[in-house]
Amino acid sequence: MDTKILIAVDELCRYYGHHLAVDAISFELAQGEVLGFLGPNGAGKSTTMQMISGNLAPSGGRIAINGIDLLDRPRLAKAEIGYLPEQPPVYPDLTVREYLAYCARLHRVGKTHRGGAISRALRRCGLHGVETRLIGNLSKGYQQRVGIAQAILHNPAVVILDEPTVGLDPNQIRDIRELIRELGQSHGIILSTHILPEVQATCTRVQIIHRGRLVFAESMQALQQRLTGKALVLETQSAVDITKLQQIAGVSAVEPLASRRARLLFDADNPAAAVAACVAAHDWGLVELALDRQSLEQVFVELTCNEDGAAQAAAA
Ligand code: ADP
């Protein structure tokens, strides 16, 4: 089956005065993907999201939503986008159903289709049972579901969610992440978030933006491999003989860490069994032998840490 490209962004730029906030960004989003969009504050995430959702004019570049050029045919292209801003645009004095009926009109859902569209959104967001309640009386988690329901009401190809779990409790967070994964199967989703575990829990792909440029773009699968790394951390009770470890087949280098700890790098197969045997043969007393996993947080910090950040950290 051909993969359907729902968003194609090509060399997108945006200046604020002389300041280049988004610098020649290009990427694609396919149906069935949940793309995590990460970056430090001021990196250019909101500017990019606003341009993709049709709320801000680019200074250069092209955006196609489900094959429709956003700049040439904005009305048609915008009908393919559902957007949940960081502050859900809900009215506390309306009931859930009244609010969704109002949104259906804003989204130009035809009169005859409105009832069906509302029922579908209520069902998909788990809102049946609260449809006659006032939004202001619902929990934050349910209000967020209402916000997501308005974003999918017109069955858009693309759903853009900005920090959708901020302020929710752990159970609500789990429910919303589950809902996002589910929606990701039929839509293309862009998820802007500061919460790195959220990206690992929900996304199929991750992009990091820094100073307006994309500095990282990988599938979650490739990222997991990168995070797993090709290194073992070894800790023993007594001091080891580094040259003995270096002689183990498959070990390409040994870096001594703190006392009685070392990092063993390898290129191909994991040599853990041989390392354990070597430790036992020399009676060094095995305390720990584990894959050295980098966290997404480490990758993020490495890619986005800069002189300004270091200076700020030093001043703090
Ligand atoms: P993020 O969402 O990643 O925090 P933004 O897209 O909001 O980043 O901002 C990117 C850069 O553009 C920042 O340097 C910010 O100060 C600047 N910027 C954002 N909006 C405006 C604006 N309306 N006018 C001038 N500069 C802006």
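Which strands does helix α8 lie across, and at about what angle does the helix run to β10? In this predicted model, helix α8 (residues 220-228) sits across β9 (205-210) and β10, and its direction is at about 95° to β10. Keep those two strands in view, since they lead into the sheet.

The sheet is an open one with six strands, and reading across it you get β6-β7-β8-β3-β9-β10, with mixed pairing. At the edges you find β6 (81-84) and β10 (213-219); each has a single partner strand, so one side of each has no neighbour in the sheet. On average, neighbouring strands here are turned by 15° against each other, if you ignore direction.

Now step over to β7 and β8. Strand β7 (residues 158-162) pairs with strand β8 (residues 188-192) in the parallel sense, over five bridges. To find your place in that pairing, look for I160, which stands opposite I190 in β8. Another helix turns up on this part of the sheet: α5 (residues 140-152) lies across β6 and β7, running at about 160° to β6.

Zooming out, the chain is split into domain 1 (5-80 + 156-217), domain 2 (92-146) and domain 3 (230-291). Taken over C-alpha atoms, the centres of domain 1 and domain 3 are 43 Å apart.

On to the charges. Side chains of opposite charge can pair when their charged atoms come close. The whole structure holds 14 salt bridges. One of them joins the side chains of R205 and E33, at 3.0 Å from N to O. R205 belongs to strand β9, while E33 is in the loop between β2 (19-30) and β3 (34-38), so this pair ties together parts 172 residues apart in sequence. How accessible are the two partners? R205 has 15% relative accessibility, so it counts as buried, and E33 counts as buried at 18%.

A second salt bridge is formed by E198 and R177, with the closest N and O atoms 3.1 Å apart. Here the link runs from helix α7 (residues 196-202), home of E198, to helix α6 (residues 170-186), which holds R177, and the two residues are 21 apart. Both E198 and R177 are buried.

For K244 and D241, the closest N and O atoms of the salt bridge are 3.5 Å apart. K244 is partly exposed, with a relative accessible area of 34%, and D241 is also partly exposed, at 31% relative accessibility. Finally, R62, D69 and D72 are connected through a network of salt bridges.

Definitions and conventions: Residues numbered from 1 in each chain as written. Predicted model: local features only at pLDDT ≥ 70, side-chain atom pairs only at ≥ 80, totals over all residues. Heavy atoms only, no water. Pairing = 2+ DSSP bridges. Helix = DSSP H or I, 4+ residues; strand = E, 2+ residues; numbered from the N terminus. Axes fitted to C-alpha atoms, helices over the stretch in contact; angles between N-to-C directions. Contact = heavy atoms within 4.5 Å. Domains from an automatic or database assignment. Salt bridge = Lys/Arg side-chain N within 4 Å of Asp/Glu carboxyl O. Buried < 20%, exposed > 50% of the residue type's maximum accessible area, 1.4 Å probe, protein only.
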